[in-house]
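Here's a walk through the side-chain contacts and a few backbone oddities of this chain. Have the structure open and follow along.

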Amino acid sequence: MTPSSTLPPAAGAVEKDNKRITTGWTFYDWANSVYPLVITSSIFPIYWGSVTKDINPTDMVDFLGFQVPGSSLLTYAISAAFLIIALVSPFLTSLADYSGRKKLFLQIFCYIGAASCAGLYFFTKDTLTMSTFIFIAATVGFSGSIVFYNSYLPEISSEEKFDSLSARGFSMGYIGSVLLLVICLAIIQGPEIMGGPKGVALFGMTTGEATRFSFLLTGIWWVGFAQIPFFTLPADAGRPADAPTNNDGWVLNGFRELGKVWDQLEGLPNLKRFLLAYFTYNMGVQTVMYVATIFGDKVLKLESTALIITILLLQIVGILGAYLFAKLSERIGNTRALSWAVFIWMLICIAGYFVQAGWSFYALAAVIGLTMGAVQSLSRSTYSKIIPENTPNSAAFFSFFDVTEKLSIVIGTAVFGVIAQVTGSMRNSILSLIVFFILGLYFLLKLRGRKLREDVVPAALPGPPAASAITSTPSTVK
């Protein structure tokens with residue numbers, strides 16, 4: 001085996017650990033993280049509930065001729081968006097790798113998501129059906145862009161800096177999203193908090209108008225700050241002139257590249273083990289993140305202000321958690337650090353069963369925030385250490401990571417809903433999530449003591465000839 005350090009750089013290789021490039025990369029976290037905070041977690045769900053209640057106090061609304069609960073319609077929209085991404089992501093990422101146009105795909109999904117967020121400005125009780133599809137498009141844009149964004153990590157950073165750079169990106173996202181949320185809340189509730197008339201927001205807008213204006217701000221923030229990574233990330237190299245081609249066109253070649261990556265997975269058992277571990281524990285993590293607001297509203301009967309304060313607490317503590325566990329991984333290794341984080345999540349499930357409104361709820365939220373950022377950041381960097389070094393198919397590899405995440409969300413939230421419906425209590429659903437964390441911890445422990453990256457990349461490494469000769473060095477990361 002030839003050490004990778006003695007090989008010439010692949011055609012189109014990017015200078016690693018370039019401060020300008022890595023800093024620009026983290027700004028996409030700053031740009032797009034406003035979507036999951038403002039749209040997914042805080043302001044939009046509350047506004048959605050008020051609109052559906054305004055349509056029908058019983059929460060039943062008409063959607064394409066069907067009568068469905070408004071709260072369920074929002075859940076179905078999220079599931080539909082994730083299903084779309086799970087189906088198209090592997091193909092699109094393989095197509096991006098084949099064509100050498102990864103940044104272009106990142107930009108396309110970013111613009112779709114940001115424009116859709118801005119389009120939610122027109123969401124009223126008269127535009128529920130249209131706005132539902134716009135929300136789905138926004139979710140697809142966010143989820144799709146994340147695949148291509150994450151795939152840059154192993155290309156722009158050396159392996160020993162994966163954890164710290166990933167944590168830095170998540171921290172930038174937390175800071176940026178909290179800043180915009182505070183701005184939106186100041187616009188919506190500022191005058192009332194300062195003693196003004198109820199229902200009147202800043203600049204004389206009604207509360208509803210100000211809320212919809214926050215959706216427009218989210219789209220502008222996203223697309224505006226995204227220009228920083230678009231400017232600093234390396235330009236698309238395109239398909240190398242000397243790369244083997246055929247006349248099947250981009251579509252068939254995209255499927256062919258996907259098949260090659262799938263074949264390559266067969267020779268990477270550690271990668272498959274990690275994806276299985278990630279799939280199981282992520283079902284619990286993502287489910288808690290998506291149902292936390294509903295749990296606080298329906299079970300603990302918290303006011304909307306208290307819920308938003310809790311969400312802000314999660315974001316702020318998440319910054320600390322991402323950095324703490326990045327440092328921990330440097331000392332004890334990635335899989336051990338992730339194992340500790342998953343174990344803490346098991347305790348969270350038990351505590352969630354007994355939690356009540358008050359200090360215990362805020363304490364639990366702080367612990368969730370601490371481990372939420374840690375699990376997300378470490379999972380991304382650990383996966384980057386397992387995929388073949390210098391692979392020209394990083395986007396395709398990260399599509400499998402993304403599909404694993406999306407399917408885990410669909411299954412996790414479905415299981416949560418079924419258990420809550422059958423038992424009549426969301427507390428039982430929270431407690432049941434411990435099964436996912438136990439399984440995730442079990443699969444993680446099977447990786448302990450192993451070199452994460454296989455010693456030899458399979459011979460049939462897909463991609464341009466300049467990169468196909470690259471073999472992977474044994475990873476010392478455990």
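## Charges over rings

Let's start with a cation sitting on an aromatic face: the charged end of Arg-212 lies over the ring of Tyr-121, 5.2 Å from the ring centre. Keep in mind throughout that this is a predicted model.

Lys-102 does something similar, with its charged end over the ring of Tyr-152 at 4.5 Å from the centre. Lys-102 also has a salt bridge to talk about, so hold on to that name.

## Salt bridges

How many salt bridges does a search of the whole structure find? The answer is five. Lys-102 and Glu-155 make one of them, with the closest N and O atoms 2.4 Å apart. This pair ties together distant parts of the chain: Lys-102 belongs to helix α5 (residues 102-119) and Glu-155 to helix α7 (residues 153-156), with the two positions 53 residues apart in numbering. Lys-102 counts as buried because its relative accessible area is 7%, under the 20% cut-off. Glu-155 comes in at 22%, so that residue is classed as partly exposed.

Two further bridges involve helix α14 (residues 359-386). In one of them, the side chains of Asp-29 and Arg-380 meet at 3.5 Å, N to O. That contact joins helix α1 (residues 19-32), home of Asp-29, to helix α14, home of Arg-380, across 351 residues of sequence. Both Asp-29 and Arg-380 are buried. In the other, Asp-163 and Lys-385 come together at 2.8 Å, N to O. Here the link runs from Asp-163 in helix α8 (residues 162-193) to Lys-385 in helix α14, 222 residues apart. Asp-163 and Lys-385 are buried as well.

## The end of helix α14

Ile-386 also sits in helix α14. With a relative accessibility of 0%, Ile-386 counts as buried. What is its distance in space from Leu-268? The two C-alpha atoms are 8.6 Å apart, although Ile-386 and Leu-268 are separated by 118 residues in sequence.

## Nonpolar cores

The largest nonpolar core has 75 residues, and Ile-39, Phe-44, Phe-135 and Trp-222 are the members that touch the most others. Helix α4 (residues 70-99) supplies the largest share of this core, 11 residues. There's also a second, separate core of 59 residues, which includes Tyr-281, Val-285, Phe-295 and Trp-345.

## Aromatic pairs

Rings meet rings in plenty of places here: a search of the whole structure turns up 33 aromatic pairs. One is formed by Tyr-353 and Phe-354, arranged edge-to-face with 5.0 Å from centre to centre and 85° between the planes. Tyr-353 is partly exposed, at 29% relative accessible area, while Phe-354 is exposed, at 58%.

Ring pairs also build a cluster out of Phe-44, Tyr-47, Trp-48, Phe-123, Phe-135 and Phe-215. Two of those names, Phe-44 and Phe-135, should ring a bell from the 75-residue core, where they are among the members with the most contacts to other members.

## A nonpolar patch on the surface

Phe-354 turns up again on the outside. Together with Trp-340, Phe-343, Leu-347, Ile-350 and Leu-431, Phe-354 makes a nonpolar surface patch of about 590 Å². Which helix gives the largest share of the patch? That's helix α13 (residues 334-354), with five residues.

Ile-350 is a handy example of a patch member from helix α13. Its relative accessibility is 37%, so Ile-350 is partly exposed, and that value clears the over-30% bar for patch membership.

## Two positive phi values

Most residues other than glycine have a negative phi. Asp-17 goes the other way, with a positive phi near 65°. Asp-17 is placed in the segment before α1, and at 29% relative accessible area it is partly exposed.

Leu-64 also has a positive phi, near 55°. Where is Leu-64 in the chain? Look at the loop between β1 (60-63) and β2 (66-69). Leu-64 is exposed there, with a relative accessible area of 52%.

Definitions and conventions:
Residues are numbered from 1 along each chain as its sequence is written. This is a predicted model: local features need pLDDT of at least 70, side-chain atom pairs count only at pLDDT 80 or more; totals for chains, interfaces and linings use all residues. Side-chain values use heavy atoms; hydrogens and water are left out. Patches are made of residues with over 30% relative accessible area and no salt bridge: like charges are joined within 9 Å, nonpolar side chains (Val, Leu, Ile, Met, Phe, Trp, Tyr) within 5 Å. Accessible areas come from the Shrake-Rupley method with a 1.4 Å probe; for residues, only the protein chains shown count as cover. A salt bridge is a side-chain nitrogen of Lys or Arg within 4 Å of a carboxyl oxygen of Asp or Glu. Helices (H or I, at least four residues) and strands (E, at least two) are DSSP runs, numbered from the N terminus. Buried means under 20% relative accessible area, exposed over 50%, partly exposed in between (1.4 Å probe, protein chains only). A nonpolar core is a set of buried Ala, Val, Leu, Ile, Met, Phe, Trp, Tyr and Cys residues joined through side-chain atoms within 4.5 Å. Rings of Phe, Tyr and Trp (its six-membered ring) pair if their centres lie within 6.5 Å; planes under 30 degrees apart count as stacked, over 60 as edge-to-face and the rest as tilted. A charge sits over a ring if NZ of Lys or CZ of Arg is within 6 Å of the ring centre and within 35 degrees of the ring normal.
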